[in-house]
Structure formats: C-alpha cells, structure tokens
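Visitor: I'm new here, and I'd like to see how each label gets earned. Could you walk me through it?
Guide: Happy to. Have a look first, then ask away.

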Amino acid sequence: MSQPIPGKSSWPELVGVLATLAATAIAHDRPDVSVEVLPPGSPIIPDHNPTRVRVFIDNNAIVTQTPVIG
C-alpha cells in the first residue's frame with residue numbers, strides 16, 4: 001500500500017472519477033485535510049481553508065474540476 005503524500009495539494013488525476021473514489025484517494029494522500037463533496041448548485045462560501053479539499057461533482061457523481069486544497 002502506498003504512503004500518504006504530505007506535500008500534495010491538488011489532484012488533477014481525479015477529474016472524471018467517481019466522487020467516492022476521489023474522496024478516498026484524497027483522504028489517503030492527505031489524512032490531515034477534510035474532504036467536501038459538492039454537487040451542482042451547492043452554496044459555496046468563498047473562503048480559503050488550508051485543511052479542506054472541495055470536490056466538485058456533476059449529477060452523476062463524477063468529479064468535474066481538479067480538487068485542490070483551500
């Protein structure tokens with residue numbers, strides 16, 4: 001099993017992946033951050049949080065944007 005990746009801050013390889021798989025991969029790479037899965041139309045507070053990764057998905061639960069810390 002691979003090790004967490006402490007410095008990783010974005011996951012472009014997860015665009016097009018199911019949300020559950022993406023959230024699991026992010027949590028594995030960075031267990032120190034929380035993962036928020038956001039469906040279309042979710043209200044977003046435009047703040048920066050260095051311990052959060054937002055995962056934007058479509059109506060089929062597919063990741064539509066590169067998840068990044070913030």
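Visitor: Which element of the protein chain has the lowest mean pLDDT, and which the highest?
Guide: This is a predicted model, and pLDDT is the predictor's confidence in each residue, from 0 to 100. Strand β3 has the lowest mean among the elements, at 96, and β2 has the highest, at 98. Across the protein chain the average is 93, with 93% of the residues scoring at least 70.

Visitor: What makes β1 and β2 a pair?
Guide: Two strands pair if at least two bridges are found between them. Strand β1 (residues 34-38) and β2 are joined by five bridges, in the parallel sense, so by the cut-off of at least two they pair. You can pick out some of the partners: Val-35 stands opposite Val-53 in β2, and Val-37 has Val-55 as its bridge partner.

Visitor: How do you know that β2 and β3 pair?
Guide: Here the count is two bridges, in the antiparallel sense, between β2 and strand β3 (residues 68-69). The requirement is at least two, so the pairing counts. Arg-54 stands opposite Val-68 in β3.

Visitor: Why is the pairing in the sheet called mixed?
Guide: The open sheet has three strands in the order β1-β2-β3, with mixed pairing. Look at the two pairings: β1 with β2 is parallel, while β2 with β3 is antiparallel.

Visitor: And what makes β1 and β3 the edge strands?
Guide: Each of them pairs on one side only.

Visitor: Why is β2 called largely enclosed?
Guide: Count its buried residues: four of the five in β2 (residues 52-56) are buried, so the strand is largely enclosed by the rest of the structure.

Visitor: Where does helix α1 lie?
Guide: Helix α1 (residues 19-29) lies across β1 and β2, and runs at about 165° to β1. Those two strands are also among what covers the buried residues of α1.

Visitor: How do you know that the buried residues of α1 line one face?
Guide: The buried residues are Ala-19, Ala-22, Ala-23, Ile-26 and Asp-29. Looking down the axis of α1, they fall within an arc of 130°, so they line one face of the helix. The face turned away from that buried side carries the exposed residues Thr-20, Leu-21 and Thr-24.

Visitor: Ala-25 is in α1 too. Why is Ala-25 called partly exposed?
Guide: The relative accessible area of Ala-25 is 25%. Buried means under 20% and exposed means over 50%, so Ala-25 falls in between and is partly exposed.

Visitor: What makes Trp-11 buried?
Guide: Trp-11, in the segment before α1, has a relative accessible area of 0%. The cut-off for buried is under 20%, so Trp-11 qualifies. Leaving aside neighbours within four places in sequence, the contacts of Trp-11 include Ile-26, Val-53 and Ile-69.

Visitor: Which residues make up the largest nonpolar core?
Guide: There are eleven residues in all: Trp-11, Leu-14, Ala-19, Ala-22, Ile-26, Val-33, Val-53, Val-55, Ile-57, Val-63 and Ile-69. The elements giving two or more residues to this core are α1 and β2, and α1 supplies the largest share, three residues. As background, nonpolar side chains tend to be buried together in soluble globular proteins. One of the core members is Val-33; setting aside neighbours within four places in sequence, Val-33 is in contact with residues including Ile-26, Val-53 and Ile-69.

Visitor: Thr-51 is in the loop between β1 and β2. Why does Thr-51 count as partly exposed?
Guide: Its relative accessibility is 42%. That is not under 20% and not over 50%, so Thr-51 counts as partly exposed. Beyond neighbours within four places in sequence, Thr-51 is in contact with Asp-32, Val-33 and Ser-34. The C-alpha atoms of Thr-51 and Ser-34 are separated by 6.2 Å, though the two residues are 17 apart along the chain.

Visitor: Last one: what is the phi of Ala-61 near?
Guide: Phi of Ala-61 is near 65°, a positive value in a residue other than glycine. You'll find Ala-61 in the loop between β2 and β3. With a relative accessible area of 28%, between the cut-offs of 20% and 50%, Ala-61 is partly exposed.

How values were computed
Residues are numbered from 1 along each chain as its sequence is written. This is a predicted model: local features need pLDDT of at least 70, side-chain atom pairs count only at pLDDT 80 or more; totals for chains, interfaces and linings use all residues. Side-chain values use heavy atoms; hydrogens and water are left out. Buried means under 20% relative accessible area, exposed over 50%, partly exposed in between (1.4 Å probe, protein chains only). Contact means heavy atoms within 4.5 Å. Axes are lines fitted to C-alpha atoms, for helices over the stretch in contact, and angles run from 0 to 180 degrees between N-to-C directions. The arc is that of the directions from the helix axis to the C-beta atoms. A nonpolar core is a set of buried Ala, Val, Leu, Ile, Met, Phe, Trp, Tyr and Cys residues joined through side-chain atoms within 4.5 Å.
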